[in-house]
Number of protein chains: 2
Amino acid sequence: MATIDDVAKLAGVSKGTVSSVFSKKRPISQLVTARVLEAAKELGYFPNHVARSLAIKKTLIAGLKMPISTDGGMSAFETQMMGGVIQTCTKHGYRVLLDTLPEHDDPTQFSIDPVDGVIMLNPRQNDPRIERYGQMAIPLVLVGRPDPMDEAVCFVDNNNKEVGLQVGDYLLGIGHRSILFLNASSDMTVAFDRQSGLAQAYERHGIPFGEAIVLNFSRKKHKNMANYGYAALLETYGKRPFSAVIADTDRVALGVLRAARELGIAVPDRLSLVALSNDATLAQETTPKLTTVELSAELLGAEAAHILIDKMNNIEGVHQRIVDAKLVIRESCKPLA
Amino acid sequence: MATIDDVAKLAGVSKGTVSSVFSKKRPISQLVTARVLEAAKELGYFPNHVARSLAIKKTLIAGLKMPISTDGGMSAFETQMMGGVIQTCTKHGYRVLLDTLPEHDDPTQFSIDPVDGVIMLNPRQNDPRIERYGQMAIPLVLVGRPDPMDEAVCFVDNNNKEVGLQVGDYLLGIGHRSILFLNASSDMTVAFDRQSGLAQAYERHGIPFGEAIVLNFSRKKHKNMANYGYAALLETYGKRPFSAVIADTDRVALGVLRAARELGIAVPDRLSLVALSNDATLAQETTPKLTTVELSAELLGAEAAHILIDKMNNIEGVHQRIVDAKLVIRESCKPLA
DNA sequence: AAGGATTGTTAAACCGGTTTAACGATCTGC
DNA sequence: GCAGATCGTTAAACCGGTTTAACAATCCTT
């Protein structure tokens, strides 16, 4: 590859002049600009991104840290979230560097990513990386609230308590009392938040929360999300009474629907079903169409990216953003007679 | 941030020694190593990735170019393909730099990505980028065959002609003659290849290809894939006879199923359905479970990454890989009486 | 005990850009 | 016609690492 020196030599000007032609940070006369560009074209020269990054101390790259998925598949939430991040970053001239690696703790092997800032999905409890990025002065935005809560750290999250409250309120409001809640994995903050929201709904309706049945997804027990819904319904049905199901995702709802068909339980006539949804297109292709709470993962990703970009450019802006969910009533729920 | 010089000064050694301690490319005595590491810890020093990349002329980053999705959503194929790329790259110590930007043609603004190689999804016809990467001597692997075909360029692809042939052979073999093929967008090579495979199946069975009805997806006409299947069935049914449908993706099949339910057409009793599938978990949650051709997008991504990694390390290996698809018979097809 | 091999360390050059400070040339005003 | 401002260009320093060549210190040989 040709370097800036080659171009300078061929065009008969100095390095600095060539640099200015390409970066446009300093005015260069028409004549010289033309000569430089021609030389560059002749040599097939393009500025070296790495060298430039070193000099300006910016890479124009945002890092996106995703939890390691053992099976390689990304959930709909992750996919959509990522889509939002990529779109927003791209629009603002940033590239996205993906990585699913756990941070290495051997300091002799750890090397800082070539990024100007980081978006981190689903931080763990007391995640040590949060502090580390702080030390390194690398802007950080979380997707999913930090645990423990920290006012100083930037994050975006669904209002998960509100999600639980909203769907609970809806189902209890149309007469259901016993609800099977197929919740997310118990080590996730979302699971905790949604459950506490549901509990609050029960309280508001004066019904003991004990009438709800809460299950948690487990990687060990369930092959995939659909299988979770399928197995959970088969196992629970008949053992304990319930007239409605809240499914953690569309996929879980799909499994529930299939199990219900096999058991001969009509949805929504004998069983109501609500899905916490990441994928509105899927929810509309089932029979009956799914009543859902739309989580808008894409918006979450886009918001995270916006906040990060502001931080990277030292623009003062919001630090946190709670995205409200929206209940969309379709066909899968019915008032309890 | 502390630099290597700071550490050298504090540890009382030279730059080069500190470098060797971290890169382990040269043996350093126990004593000095300890002193350097302690100094580094005290200063909170981590090697600067950009500076290192400049010096060693490698970034350990693979670029992944995806076509720009207008609506921000990625298809299941794209998602899975990406998952395969990420997993394989991560396993081999490479990060993945995503980008959906069209390459800028203004040479004063174009800057080479900080990548050691590139994986490009769905190259266009006569894609100028292929040649450009060649000029820059940046290793390139395509996902989806180049058009026109070029023996020199690396790529991985499904055996799409075989896909069309296989599914056609199956359906014609169980007595169907008129098949509605809901094919991909007509400007994609996959659409062309699959159709020619299907035509070959017709020929093999001595049935004029004219009995098949081939439709193409169109971004303008169809909101999303499921909607394509739904609308296509409603529009075509009754106008022209057919006893089987080949759906381009699981989502399309979902739409077909819904339309069939609304029209009161029993699947598979009165209509057989095969999906070209990217998402095996989805195909098993419908009623009836979908008979599919599994496209294994993830494998495709992983293979592309393998080939790229070999190229980036100057290891001679295969240049091209055609992945065969597998017909999985479930419940959505029935012999024509 | 001299000579050669081995090991560990260093100073300096280098990777390919950006940026600062200085400078010469042209343009203004008086 | 000269002082001062403006404009375009350049040489040199810099970003933070790696690597080469030279060298000093230690370890065998014989």
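**Questions on a predicted model**

Modeller: H4(B) provides the largest share of the surface near DNA strand D, namely 5 residues. The model discussed here is predicted.

Biologist: What makes a residue count as near a strand, and which residues are the closest to DNA strand D?

Modeller: A residue is near a strand if one of its heavy atoms lies within 4 Å of it. DNA strand D is surrounded by 28 residues, and the closest are A:Thr17, A:Val32, B:Ile4, B:Lys15 and B:Ser19. Helix H2 (15-23) and H4 of chain B, together with H4 of chain A, each supply at least two residues of this surface. The residues near DNA strand D divide into 14 nonpolar, 8 polar and 6 charged.

Biologist: Which parts of DNA strand D do the atoms within 4 Å of the protein belong to?

Modeller: Sugar or phosphate holds 70% of those atoms of DNA strand D, and bases hold the rest.

Biologist: Why is the approach of B:Ile4 to DNA strand D called a polar contact?

Modeller: A polar contact is a pair of N or O atoms within 3.5 Å. A backbone N or O atom of B:Ile4 lies 2.7 Å from a phosphate oxygen of DNA strand D, and the pair therefore qualifies under that cut-off. For B:Lys25, a side-chain N or O atom is 3.4 Å from a phosphate oxygen of DNA strand D. A:Ser29 places a polar side-chain atom 2.9 Å from a phosphate oxygen of DNA strand D.

Biologist: Which residues are the closest to DNA strand C?

Modeller: Among the 28 residues surrounding DNA strand C, the closest are A:Ile4, A:Lys15, A:Ser19, B:Thr17 and B:Val32. Of the atoms of DNA strand C that come within 4 Å of the protein, sugar and phosphate account for 70%. H4(A) contributes the largest share of this surface, 5 residues.

Biologist: Which kind of oxygen of DNA strand C does the side chain of A:Lys15 approach?

Modeller: A polar side-chain atom of A:Lys15 is 2.8 Å from a base oxygen of DNA strand C. For A:Tyr45, the corresponding partner is a sugar or linking oxygen of DNA strand C, at 3.1 Å. For A:Lys25, the partner is a phosphate oxygen of DNA strand C, at 3.4 Å.

Biologist: How do you know that A:Asp99 and A:Lys65 form a salt bridge?

Modeller: The cut-off is 4 Å between a side-chain nitrogen of Lys or Arg and a carboxyl oxygen of Asp or Glu. The closest N and O atoms of A:Asp99 and A:Lys65 are 2.6 Å apart, so the pair counts as a salt bridge. The pair links distant parts of the chain, with A:Asp99 in strand E2 (residues 95-99) and A:Lys65 in strand E1 (residues 61-65) of chain A, 34 residues apart. Both A:Asp99 and A:Lys65 are buried. A:Lys65 and A:Asp99 also belong to a network of salt bridges that includes A:Asp113 and B:Arg95.

Biologist: Why is A:Arg258 called buried or exposed, and how does A:Glu262 count?

Modeller: Buried means under 20% relative accessible area, exposed over 50%, and partly exposed in between. A:Arg258 has 10% relative accessibility and therefore counts as buried. A:Glu262, at 48%, counts as partly exposed. A:Glu262 and A:Arg258 form a salt bridge, their closest N and O atoms being 3.3 Å apart. Both residues lie in helix H10 of chain A, 4 residues apart, about one turn of the helix.

Biologist: What makes A:Leu263 eligible for a surface patch?

Modeller: A patch residue needs over 30% relative accessible area and no salt bridge. A:Leu263 has a relative accessible area of 38%, so the area requirement is met. A:Leu263 forms a nonpolar patch on the surface with A:Leu234 and A:Tyr237, with about 230 Å² of accessible area together.

Biologist: Why is B:Ala137 called buried or exposed?

Modeller: The relative accessible area of B:Ala137 is 63%, which is over the 50% cut-off, so B:Ala137 is exposed. B:Ala137 sits in the loop between helix H6 (128-136) and strand E4 (140-143) of chain B. Although B:Ala137 is not a glycine, its phi is positive, about 60°.

Biologist: Where is B:Leu60 found?

Modeller: B:Leu60 is in the loop between H4 and strand E1 (61-65) of chain B. B:Leu60 has a positive phi of about 60°, although it is not a glycine.

Definitions and conventions: Residues are numbered from 1 along each chain as its sequence is written. Chains are lettered from A and ligands numbered from 1 in the order in which they are written. This is a predicted model: local features need pLDDT of at least 70, side-chain atom pairs count only at pLDDT 80 or more; totals for chains, interfaces and linings use all residues. Side-chain values use heavy atoms; hydrogens and water are left out. Patches are made of residues with over 30% relative accessible area and no salt bridge: like charges are joined within 9 Å, nonpolar side chains (Val, Leu, Ile, Met, Phe, Trp, Tyr) within 5 Å. Accessible areas come from the Shrake-Rupley method with a 1.4 Å probe; for residues, only the protein chains shown count as cover. Buried means under 20% relative accessible area, exposed over 50%, partly exposed in between (1.4 Å probe, protein chains only). A polar contact is a pair of N or O atoms within 3.5 Å; within protein, one must be able to donate a hydrogen and the other to accept it, and residues adjacent in sequence count only if both atoms are side-chain atoms. Ala, Val, Leu, Ile, Met, Phe, Trp, Tyr, Cys and Pro count as nonpolar, Asp, Glu, Lys and Arg as charged, and the others, Gly among them, as polar.
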